[in-house]
Amino acid sequence: MDLIGPDHTLYDVLRKPALPQYDDIRPAAIARCSSTSDVIEALSYARSTNLPVTPRGGGHCFAARSSTTGLMLDLSALSTITVEPTEALATIGAGARLASVYRGLHEYGLTIPAGCGPTVGIVGLTLGGGLGLLGRRYGLTCDRLVAATVVLADGNVVTCDAERDADLFWALRGAGGGQFGVVTSLVFTAVPSPAATRFKLTWPRRHAAEVIAAWQSWAPDAPDDLTASLTVNADQVQVFGATLTTFDPGPLATLAPEIDLRSDLSWPALKASLSEVDPDNRIIHSKSEFFRNPLPPDAIAQLLNAGCELNFTPMGGAYNRIPVDATAFAHRSERFLLEHAGSDRNAVRRSWSIAHAYASGAVYPNFPDPDLIDWPTAYHGSNYPRLRDLKAKYDPANVFHFPQSLGGPR
Ligand SMILES: Cc1cc2nc3c(=O)[nH]c(=O)nc-3n(C[C@H](O)[C@H](O)[C@H](O)COP(=O)(O)OP(=O)(O)OC[C@H]3O[C@@H](n4cnc5c(N)ncnc54)[C@H](O)[C@@H]3O)c2cc1C
């Protein structure tokens with residue numbers, strides 16, 4: 001383990017997360033870990049110095065949970081990806097980012113259903129669920145997880161799966177990152193890396209209300225092979241995504257969009273082409289909720305005047321075919337997720353309040369929201385009591401904590 005202090009040349013490079021509004025959080029030290037034994041040593045160092053400790057994967061947490069004034073565990077060197085092709089099993093180190101996961105698995109003709117941000121960390125994404133373009137076909141990223149290796153707060157190493165420490169394995173699939181221990185690697189059953197069509201349908205912003213109305217009655221019920229997200233910004237409204245078959249724009253065709261289709265793209269190329277739409281380096285405040293019913297026209301009109309970006313993600317499909325108690329991820333009946341994003345925090349809050357009246361009240365654990373009051377129900381629904389008990393079992397001293405963690409703040 002390398003211990004990096006504030007005077008080290010790498011200190012500022014390593015400590016800064018993806019969201020620049022958290023740049024000023026300065027850890028007492030950064031432990032660079034390149035093996036499971038390094039993680040054990042780092043946790044021992046945190047115990048002996050009484051420093052709070054938090055693991056950092058891709059550093060994309062909206063609530064800065066991988067930043068600390070204590071000991072930050074930098075896991076970026078644990079980024080090995082190995083594939084066992086006959087069983088389609090992929091073992092991925094905790095420091096891997098999504099773009100390298102897609103590239104690494106594609107060499108074997110494989111992929112996993114996962115998110116779009118190329119520098120999002122695989123562990124943070126998986127522990128909170130994992131929504132992506134293949135999700136309506138294959139489920140959440142965590143639904144493909146078959147095993148995980150975790151260093152617990154006391155330094156014990158647990159490899160959990162459906163048979164071994166099955167309760168921890170259950171909890172890791174959707175409760176959110178940083179709750180039970182430090183994951184050092186994940187094993188997934190991969191799926192074939194498809195050639196697919198990437199589509200972007202674009203309209204001037206004045207058409208936003210009619211596009212949203214048509215989208216919400218179509219995208220959540222579309223065939224599993226089609227994932228169409230919708231984004232409205234200050235200039236335009238865009239429906240974009242991927243399909244594994246021939247692209248059919250459904251009711252959106254009658255709204256005369258400008259259509260940009262790229263067919264027969266390899267999966268890594270398709271993902272890369274969408275990071276133009278979803279840039280990875282915006283300054284953002286973000287609030288979101290899940291919805292089971294469409295937004296009425298007057299709510300849509302108010303949202304469009306609230307002054308922030310609206311991002312709609314379709315749910316349904318394979319996401320919703322898994323029982324709510326099969327994994328810790330509690331949101332298996334939702335039709336879509338609506339994120340309000342922007343650099344003006346008040347506009348984001350205003351926009352969220354307008355939509356909140358129509359939302360299910362459920363919130364995606366990977367889009368944490370410090371404003372939430374009843375966060376246990378919002379993030380974990382009916383799975384919360386079991387998760388709280390498992391937190392007491394696997395992290396009895398509440399070493400891994402943050403304001404909305406299962407063991408509560410300290
Ligand atoms: C630009 C951008 C694009 C995004 N795109 C998507 C998307 O397409 N789909 C989607 O579902 N989500 C998406 N997200 C949300 C994303 O899933 C979460 O922000 C996720 O938590 C990021 O993981 P990370 O490792 O990058 O972040 P980090 O901030 O490093 O970690 C997030 C949490 O996990 C914990 N953690 C990290 N590593 C470990 C570990 N090894 N063991 C235990 N706990 C750990 C951290 O302590 C923290 O609590 C996006 C976010 C951003 C900012």
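**Exercise 1. Place His380: which helix holds it, is it buried or exposed, and what does it touch?**

Start with the secondary structure: His380 sits in helix H11, which spans residues 375-380. Keep in mind throughout that this is a predicted model.

Next, check the accessibility. The cut-off for buried is under 20% relative accessible area. His380 comes in at 1%, so it counts as buried.

Last, look for partners. Skipping neighbours within four places in sequence, His380 is in contact with Ala175, Ala330, Trp375, Leu387 and Leu406.

**Exercise 2. Do the same for Thr327: where is it, is it buried or exposed, and which residues does it touch?**

Step one: Thr327 is in the loop between E17 and E18.

Step two: its relative accessibility is 3%, so Thr327 counts as buried.

Step three: with residues up to four places away in sequence left out, Thr327 touches Asp143, Trp170, Arg173, Arg332 and Asn383.

**Exercise 3. Work out the setting of Val158, then compare its sequence and spatial separation from Arg136.**

Begin with the element: Val158 belongs to strand E9, residues 157-161. Its relative accessibility is 9%, so Val158 is buried.

Now list the contacts. Beyond the residues up to four places away in sequence, Val158 touches Ala148, Thr149, Val150, Leu152, Asp165 and Leu168.

For the separation, count along the chain and then go C-alpha to C-alpha: Val158 and Arg136 are 22 residues apart in sequence and 31 Å apart in space.

**Exercise 4. Try a second pair: what are the two separations between Ala272 and Thr49, and how exposed is Ala272?**

Ala272 is found in helix H8, residues 267-274. At 46% relative accessible area, Ala272 falls between the 20% and 50% cut-offs, so it's partly exposed.

As for the pair, Ala272 and Thr49 are 223 residues apart in sequence, with 43 Å between their C-alpha atoms.

**Exercise 5. Describe the shell around the ligand, from the nearest residues out to the overall cover.**

First, the nearest residues. The shell has 34 residues, and Pro55, Gly57, Gly59, Ser66 and Tyr364 come nearest.

Second, the polar pairs. A polar backbone atom of Pro55 is 2.7 Å from a ligand oxygen. At Tyr364, a side-chain N or O atom is 2.6 Å from an oxygen atom of the ligand. A ligand nitrogen is also paired up, with a backbone N or O atom of Leu131 at 2.8 Å.

Third, the cover. On its own the ligand has 950 Å² of accessible area, and the protein covers 95% of that.

Fourth, the elements involved. Strand E3 (53-56), helix H4 (122-127) and strand E10 (182-189) are the ones that give two or more residues to the shell. H4 supplies the largest share, 4 residues.

Finally, sort by class: the shell has 16 nonpolar, 15 polar and 3 charged residues.

**Exercise 6. How many disulfides are there, and why does Cys160 not form one?**

Recall the chemistry: a disulfide is a covalent bond between the sulfur atoms of two cysteines. Searching the whole structure turns up 0 disulfides.

Take Cys33. It's in no disulfide, and the nearest cysteine sulfur, in Cys61, is 19 Å away. Cys33 is also buried, at 1% relative accessible area.

Now Cys160. Its closest cysteine sulfur is in Cys142, 12 Å away, and that's too far for a bond because the cut-off is 2.5 Å. Cys160 counts as buried too, at 0% relative accessibility.

**Exercise 7. Find what packs over helix H7: which of its residues are buried, and which elements cover them?**

In H7, residues 208-216, the buried residues are Ala208, Val211, Ile212, Ala214, Trp215 and Gln216.

Then see what covers them. The cover includes strands E12 (196-204), E13 (226-232), E14 (236-243), E17 (309-314) and E18 (336-342), along with helix H9 (297-304).

**Exercise 8. Look at the backbone of Asn50 and Asn398: what is phi at each, and is each residue buried or exposed?**

Background first: most residues other than glycine have a negative phi.

Asn50 has a positive phi, near 60 degrees. It lies in the loop between helix H2 (36-49) and E3. With 70% relative accessibility, Asn50 counts as exposed.

Asn398 also has a positive phi, about 55 degrees. Its place is in the segment after helix H12 (384-394). Asn398 has 11% relative accessibility, so it counts as buried.

Methods:
Residues are numbered from 1 along each chain as its sequence is written. This is a predicted model: local features need pLDDT of at least 70, side-chain atom pairs count only at pLDDT 80 or more; totals for chains, interfaces and linings use all residues. Side-chain values use heavy atoms; hydrogens and water are left out. Buried means under 20% relative accessible area, exposed over 50%, partly exposed in between (1.4 Å probe, protein chains only). Contact means heavy atoms within 4.5 Å. A residue is near a molecule or strand if one of its heavy atoms lies within 4 Å of it. A polar contact is a pair of N or O atoms within 3.5 Å; within protein, one must be able to donate a hydrogen and the other to accept it, and residues adjacent in sequence count only if both atoms are side-chain atoms. Accessible areas come from the Shrake-Rupley method with a 1.4 Å probe; for residues, only the protein chains shown count as cover. Ala, Val, Leu, Ile, Met, Phe, Trp, Tyr, Cys and Pro count as nonpolar, Asp, Glu, Lys and Arg as charged, and the others, Gly among them, as polar.
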